[in-house]
Amino acid sequence: MPEAWTQTVKGQHLRGRRTRNTKPELALRSAVHGLGLRFRIHRTVAPRCTPDFVLPRYRLAVFVDGCFWHGCPAHSPAQFRGPNAERWERKLATNRERDRRNNHAAENAGWQVVRVWECEIRRDAAAAADRVLAAARIRSAGG
Ligand SMILES: [Zn+2]
């Protein structure tokens, strides 16, 4: 059966979302760049696995996760309500599974994965970039 979503205002808003070059993604990239780190965007590191950006020198793969879609503990509802509740839950479960699959695919290809929440970047992009830098440092120390 085809997916039949019940129209809701929230749903319409979310369907218009951008999945690439989102605002938090751009903010993090610019903060990371400001730390002097060099990266490549949207490079495929394993079959069907394309992180938001990678630091080739450190073999570090960075994913920026939208709070809602990836199930941020602070900003994604633990339980959905309303006519589409079951579909939302299934959709988020699928996303989380894909995240795990991507982590494994990248790691198997020799990349270390760093995931950054959208809300972390909104709160403090510099701190989020520091976390990426810290991972790169550990990596270059032979981790
Ligand atoms: Zn969040």
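This tour goes through the structure above one selection at a time, from the whole fold to single residues.

**Before selecting anything.** The model is predicted, so local features are taken only where pLDDT is at least 70 and side-chain atom pairs only at pLDDT 80 or more, while totals for chains, interfaces and linings use all residues. Residues are numbered from 1 along each chain as its sequence is written.

**The whole chain.** Colour the protein by secondary structure, and six helices and four strands appear, where helices (H or I, at least four residues) and strands (E, at least two) are DSSP runs numbered from the N terminus. From the N terminus the elements follow the order α-α-β-β-β-α-α-β-α-α. Of the 143 residues, 25% are buried, a residue being buried if 20 or more other C-beta atoms lie within 10 Å of its own, exposed if 12 or fewer, and partly exposed in between, with C-beta atoms placed from the backbone. Among contacts with a separation of 6 or more, 63% join residues 24 or more positions apart; two residues are in contact if their C-beta atoms, placed from the backbone, lie within 7 Å.

**The sheet.** Select the four strands next: they form an open sheet in the order β1-β2-β3-β4, with mixed pairing, and two strands pair if DSSP finds at least two bridges between them. β1 (40–41) and β4 stand at the edges with a single partner strand each, so one side of each has no neighbour in the sheet. Between β2 and β3, which run antiparallel, there are three bridges, and Val 54 stands opposite Ala 61 in β3. These two strands form a hairpin with four residues between them, and in the turn Arg 59 has a positive phi of about 45°. On the β4 side, β3 pairs in the parallel sense over six bridges, and Asp 65 stands opposite Trp 117 in β4. Now add α6, which packs on the sheet, touching β2, β3 and β4, with its direction at about 170° to that of β4; axes here are lines fitted to C-alpha atoms, for helices over the stretch in contact, and angles run from 0 to 180 degrees between N-to-C directions.

**Strand β3.** Keep β3 alone and show its side chains: six of its six residues are buried. Leu 60, Val 62 and Val 64 point one way from the strand, whereas Ala 61, Phe 63 and Asp 65 point the other way.

**The nonpolar core.** Select the largest nonpolar core, a set of buried Ala, Val, Leu, Ile, Met, Phe, Trp, Tyr and Cys residues joined through C-beta atoms within 7 Å. Of its 25 residues, Leu 28, Val 54, Leu 60, Ala 61 and Val 62 touch the most other members. Two or more residues come from each of α2 (23–34), β2 (53–55), β3 (60–65), β4 (112–117) and α6 (125–140). Centre the view on Leu 28, which, leaving aside residues up to four places away in sequence, touches Val 64, Val 116, Ile 121, Ala 125, Ala 128 and Ala 129.

**Helix α2.** Extend the selection from Leu 28 to the helix that holds it, where Pro 24, Glu 25, Leu 28, Arg 29, Ala 31 and Val 32 are buried. Seen down the axis, these buried residues fall within an arc of 165°, so they line one face of the helix; the arc is that of the directions from the helix axis to the C-beta atoms. Their cover includes β2, β3, β4, α5 (118–123) and α6, while on the other side of α2 Lys 23, Ser 30 and Gly 34 are exposed. After the helix comes Gly 36, with a positive phi near 85°.

**Helix α4 and the loop before it.** Move to Ala 78, in the loop between α3 (67–70) and α4 (85–108). Ala 78 is exposed, having 6 other C-beta atoms within 10 Å, and its C-alpha atom is separated by 9.1 Å from that of Glu 89, eleven residues apart along the chain. In α4 the buried residues are Trp 88, Asn 102 and Ala 106, and they pack against β3 and β4. End the tour at Gly 110, which follows α4 and has a positive phi near 95°.
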